[in-house]
Amino acid sequence: MNFMSLGSGSSGNCYLLQSGDRSILLDAGISTRTLKKHLKDHGICLEKDIAAVFITHDHADHIKAVGNLATDYGKPIHATQLVHEGIACNRCLKVKVPALRMSIMEKGTTLEVGNFRVTSFDVPHDSRDCVGYVVEADGVRFCLITDVGHVTDTICQQVGLANYLVLEANHDISMLKTGKYSPFLKNRISSDKGHLSNEQAAKLLAEYATPQLRYVWLCHLSEENNHPELARKTVEVVLRQHGIIPDVDFRLDILKRKTPSKVFSLT
């Protein structure tokens with residue numbers, strides 16, 4: 001299985017997984033034009049190679065392209081009933097997902113697409129509904145956990161089972177408190193339905209990472225309230241305090257907001 005991030009942050013989130021001749025997208029928060037360009041640069045054809053799209057939740061930075069992907073390219077859009085309702089009501093989305101392309105995938109269920117076995121699980125966030133995804137293929141277990149208000153037992157369990165993990169590290173607590181955001185927005189981000197901080201992500205990894213975890217990518221970093229080097233340093237310090245050495249026990253990397261990552265081979 002191969003993995004590539006096509007965008008990670010409030011400007012747009014989209015992740016690609018590839019196995020054999022089939023690929024799937026987790027979230028589609030970048031424009032269709034940008035998506036096609038990035039895919040073409042890596043020899044992937046949107047029309048032929050993308051088999052399905054799985055959506056975590058209905059906020060604009062995760063669904064920008066779903067309407068076009070469904071109507072223009074005939075892609076099935078998998079999400080919970082509540083997420084589909086949120087997509088239909090989202091005023092930022094000019095092209096809606098037609099009923100023919102809506103696939104209801106409730107939390108805790110598993111769907112097989114080609115070599116992929118995709119399972120969703122509950123994630124607390126201030127959207128109509130929100131899920132994370134576990135994708136199993138080619139003998140490895142990939143997990144996406146983003147837009148997390150607070151850590152739950154289910155999330156801890158999924159971290160403990162992952163071989164490869166994309167985990168939100170949205171903000172630095174001090175930067176958020178002293179930054180320019182309004183009190184309302186600060187409270188929203190730091191609430192138990194908001195976003196995971198660097199410190200929370202670090203603690204989660206330190207307490208629940210296992211020897212079977214091979215690679216962690218920190219995702220959805222805030223442009224205003226975080227910095228890639230700060231996120232990595234914060235997580236690294238906490239991990240070392242727990243006897244875990246980044247890039248020795250497992251690789252630790254940061255996904256860029258607007259620039260695609262390289263293609264990672266998950267073996």
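Which residue is the bridge partner of L26 in β4? The legends below answer this and then move on to other parts of this predicted model.

**View 1. Strand β4 with its partners β3 and β5.**
In β4, the residue that L26 pairs with is F54. This bridge belongs to the pairing of strand β3 (residues 22–26) with β4, which is parallel and runs over four bridges. Turn next to strand β5 (residues 77–79), which is joined to β4 by two bridges and also runs parallel to β4. Here F54 appears again, standing opposite H78 in β5. Strand β4 itself spans residues 50–54 and is mostly covered, with five of its five residues buried.

**View 2. An open sheet of seven strands.**
Follow the strands across this sheet and you meet them in the order β7-β8-β9-β10-β11-β12-β13, with mixed pairing. At the edges stand β7 (110–113) and β13 (251–254); each has a single partner strand, so one side of each is left without a neighbour in the sheet. On average, neighbouring strands here are turned by 20 degrees against each other, direction ignored.

**View 3. Strand β9 between β8 and β10.**
On one side, strand β8 (residues 116–122) is joined to strand β9 (residues 131–137) by six bridges, and the two run antiparallel. Two places help you find your way along this pairing: D122 has V131 of β9 as its bridge partner, and T119 stands opposite V134 in β9. V134 is also a good place to cross to the next strand, as V134 stands opposite C143 in β10. The pairing of β9 with strand β10 (residues 140–145) is antiparallel too, over five bridges. In the hairpin of β9 and β10, two residues lie between the strands, and D138 takes a positive phi near 55 degrees. How much of β9 is buried? Six of its seven residues are, so β9 is largely enclosed by the rest of the structure.

**View 4. Two helices packed on the sheet, α9 and α10.**
Continuing from the pairing of β8 with β9, this view turns to the helices that pack on the sheet. Helix α9 (residues 198–208) touches β11 (164–168) and β12 (215–219), and its direction makes about 150 degrees with that of β11. Helix α10 (residues 228–241) touches β12 and β13, and its direction makes about 155 degrees with that of β13. Within α9, look for the buried residues N198, A201, A202, L204, L205 and A206. Among the elements that cover them are α6 (153–161), β11, β12 and α10.

**View 5. Aromatic rings around F3.**
Searching the whole structure gives nine aromatic pairs. One of them is F3 with Y15: the ring centres are 6.4 Å apart and the planes meet at 25 degrees, so the pair is stacked. F3 sits in strand β1 (residues 2–7) and Y15 in strand β2 (residues 14–19), twelve residues apart. Both residues are buried. F3 also forms an aromatic pair with W217, and this one is tilted, with 4.7 Å from centre to centre and 55 degrees between the planes. Because F3 lies in strand β1 and W217 in strand β12, the pair ties together parts that are 214 residues apart in sequence. The relative accessible area is 1% for F3, which is buried, and 0% for W217, which is likewise buried. Together, F3, Y15, F142, Y164, Y215, W217 and F264 make up one aromatic cluster.

**View 6. S8 in the loop between β1 and β2.**
Is S8 buried or exposed? With a relative accessibility of 0%, S8 counts as buried. Its place is in the loop between β1 and β2. The side chain of S8 makes a polar contact, at 2.9 Å, with the side chain of Y15, a residue you have already met as the stacked partner of F3. Setting aside neighbours within four places in sequence, S8 is in contact with N13, Y15, C219, H220, L221, L255, K256 and R257.

Definitions and conventions. Residues are numbered from 1 along each chain as its sequence is written. This is a predicted model: local features need pLDDT of at least 70, side-chain atom pairs count only at pLDDT 80 or more; totals for chains, interfaces and linings use all residues. Side-chain values use heavy atoms; hydrogens and water are left out. Two strands pair if DSSP finds at least two bridges between them. Axes are lines fitted to C-alpha atoms, for helices over the stretch in contact, and angles run from 0 to 180 degrees between N-to-C directions. Contact means heavy atoms within 4.5 Å. Rings of Phe, Tyr and Trp (its six-membered ring) pair if their centres lie within 6.5 Å; planes under 30 degrees apart count as stacked, over 60 as edge-to-face and the rest as tilted. Buried means under 20% relative accessible area, exposed over 50%, partly exposed in between (1.4 Å probe, protein chains only). A polar contact is a pair of N or O atoms within 3.5 Å; within protein, one must be able to donate a hydrogen and the other to accept it, and residues adjacent in sequence count only if both atoms are side-chain atoms.
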